[in-house]
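Good morning, everyone. Let me take you through one structure, from the overall picture down to two residues. Please have a look at it.

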Amino acid sequence: RGPEPYSPTGQPLDVPPSDLAQGGAYLTTAQGLRLRDTDHSLKAGPRGPVLLQDHHLREKIMHFDHERIPERVVHARGAAAHGVFKSYGTATTVTKAALFAKDVETPVFVRFSTVLGSRGSADTVRDTRGFATKFYTTEGVWDLVGNNIPVFFIQDAIKFPDIIHAAKPHPDREIPQAQSAHDTFWDFVSLHTEATHHTLWNMSDRGIPRSYRTMEGFGIHTFRLVDAAGATTLVKFHWKPKAGVHSLTWEEAQLINGMDPDFHRRDLADAIEAGAYPQWELGIQTFPDTPEQTFEGIDLLDPTKIVPEELAPVQPIGLLTLNANPSNFFAETEQVAFHPGHLVPGIDVTDDPLLAGRLFSYLDTQLTRLGGPNFAQIPINRTHAPVNDMLRDGMHQTAVHQGVAPYRPNSLDGGCPFVAGAQNGAYVEVPVEVAAAPKVREAPASFADHFTQPRLFWLSLSPVEREHVIAAYTFELGKVYEQTIKERNLRVLAEIDPHLCRQVAQGLGLPAPEPSQPLPNPRPSPALSQVGDTWPVT
Ligand code: HEM
């Protein structure tokens, strides 16, 4: 057992004066010097000039000047809460993760977010919502960094900058946010038809949740669980809200945005403060870990595909309760750093190419956003498990490390021996075979079908839900300036369902195309891309 987190001497660190807030008996500078006046600068006479030797003035202004950190490049606007996850014990058949043993209670921090708006944007926009959970387990931090929609726009992380550039505000005018009035977004998703499924979910009522408390959450990717004997199972994670799934109508969402842009944030905080603690059940869909990693013909590595619950029911494995609001938005909600690669023994990743890119991206962005490599030491990010790492120094280092030999092997500081295998509770990656295959950039053929599942989703909707989808497409595409982009999107809709396409076309005052008119090739090879925009989908 190593020393306690970031207290290498084993002694609690002193409470920094700033934790006392402004309610103490007297104010001080950051150096602890008592102040008699924080309202007036030091001057040569009452009418000045102001003197440079006023350290309190300079310290106060300097610190204020640096209060903001970069907002997240995506998911900038969020609201969060503390809570507890209590395991039912039902997942012990498929994973050895300690947090899933029966009745184990694990502290959690959950951050909900919109994706595209900036930190100060409105809550009830049509957008995907983030649903990120940090589990402070006894074996280290596990982050389940999901969304409220079970599929994603892209199959390969290399397209993430493209979809986000297309969906974020225009670089010249910085308008608009989300999918409204956005030629670039609708251009991208109609040229890149693997986005069709996610876009259709966004245009459904799922794109405008009533509350964070009434959203589902999805891990989206397929993960690999490992049991105590080393047997593996592929799974998808689902959060099911106890309050049910509820959405706003578009008219409600627009009115609320005008009247209370903080609607979701307020709703979450008020509910917790009133003791109406939001709850979700965590569930898993399980699939045999076969070499093909498919289930009923569905490629489990394709994040644009779901596995219908009729084929693989969601099995409940535990209950999440959010029971405390953050005490400081910046310290907790803003500085929390989630990462899909924060795993614990019993949970591993798969080769989903979208997940692979995420494993790089989050650490990388947090290095900039949180000002250097020591953000794991920020209180909200600290694991509740003992830490004994060999990471040293760097910007914003707060630990006072002991010893002289932060390297291994060494004969000076001693240190804990490594025990082979998992006997010491160490994380051991599942030794899956890596295929002896040529290096390629092409996607697998099993990723090529972009319309069967959107059609499945459309057909699963009730008549009123379909009306909402038609109205949403008509409204959003009605705001697009370029006629060709509207027409190309109608061709995508024709591939989903002729009725949907006709209704939207009518709303736009355009002719409805027939299905199977040539669509842009979603993944033109370098040679084909020279030729243009109308290659039939293969
Ligand atoms: C942030 C979910 C794909 C890059 C987030 C957050 C969520 C999320 C929930 C907000 C975390 C928070 O509240 O702090 C997802 C899901 C994805 C996905 C469910 C697909 C299944 C990607 C991909 C990339 C990416 C493919 C890049 C290759 C980022 C970055 C942030 C972020 C850079 C900001 C993180 C930070 O500043 O701390 N994502 N994301 N995401 N995501 Fe993703």
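I will start with the whole chain and then turn to two arginines. Keep in mind that this is a predicted model.

First, the overview. The protein has 13 helices and twelve strands. There are 538 residues, and 36% of them count as buried. Now the contacts. Take those between residues at least 6 apart in sequence: 70% of them join residues at least 24 apart.

Next, the annotation. An unreviewed UniProt entry carries the label "binding site". According to that record, the label covers Arg72, Arg111, Phe160, Arg358, Tyr362 and Arg369. I picked two of these for a closer look: Arg111 and Arg369.

Arginine 111 comes first. Where is it? Arginine 111 sits in strand E2, which spans residues 105-114. Is arginine 111 buried or exposed? It has 24 other C-beta atoms within 10 Å, and the cut-off for buried is 20 or more. Therefore arginine 111 counts as buried. What does it touch? Set aside the neighbours within four places in sequence. Arginine 111 is then in contact with Gly78, Ala80, Gly130, Ala132, Thr333 and Val336.

Now arginine 369. This one belongs to a helix, H8, covering residues 353-369. Arginine 369 is partly exposed, because 17 other C-beta atoms lie within 10 Å, and partly exposed means between 12 and 20. Which residues does arginine 369 touch, not counting residues up to four places away in sequence? The answer is Ile69, Pro70 and Arg72. Look at that last name again. Arg72 is also covered by the "binding site" annotation in the UniProt entry.

Definitions and conventions. Residues are numbered from 1 along each chain as its sequence is written. This is a predicted model: local features need pLDDT of at least 70, side-chain atom pairs count only at pLDDT 80 or more; totals for chains, interfaces and linings use all residues. Helices (H or I, at least four residues) and strands (E, at least two) are DSSP runs, numbered from the N terminus. Two residues are in contact if their C-beta atoms, placed from the backbone, lie within 7 Å. UniProt positions are given in the numbering used here, feature names are shortened, and annotations may be inferred rather than shown by experiment.
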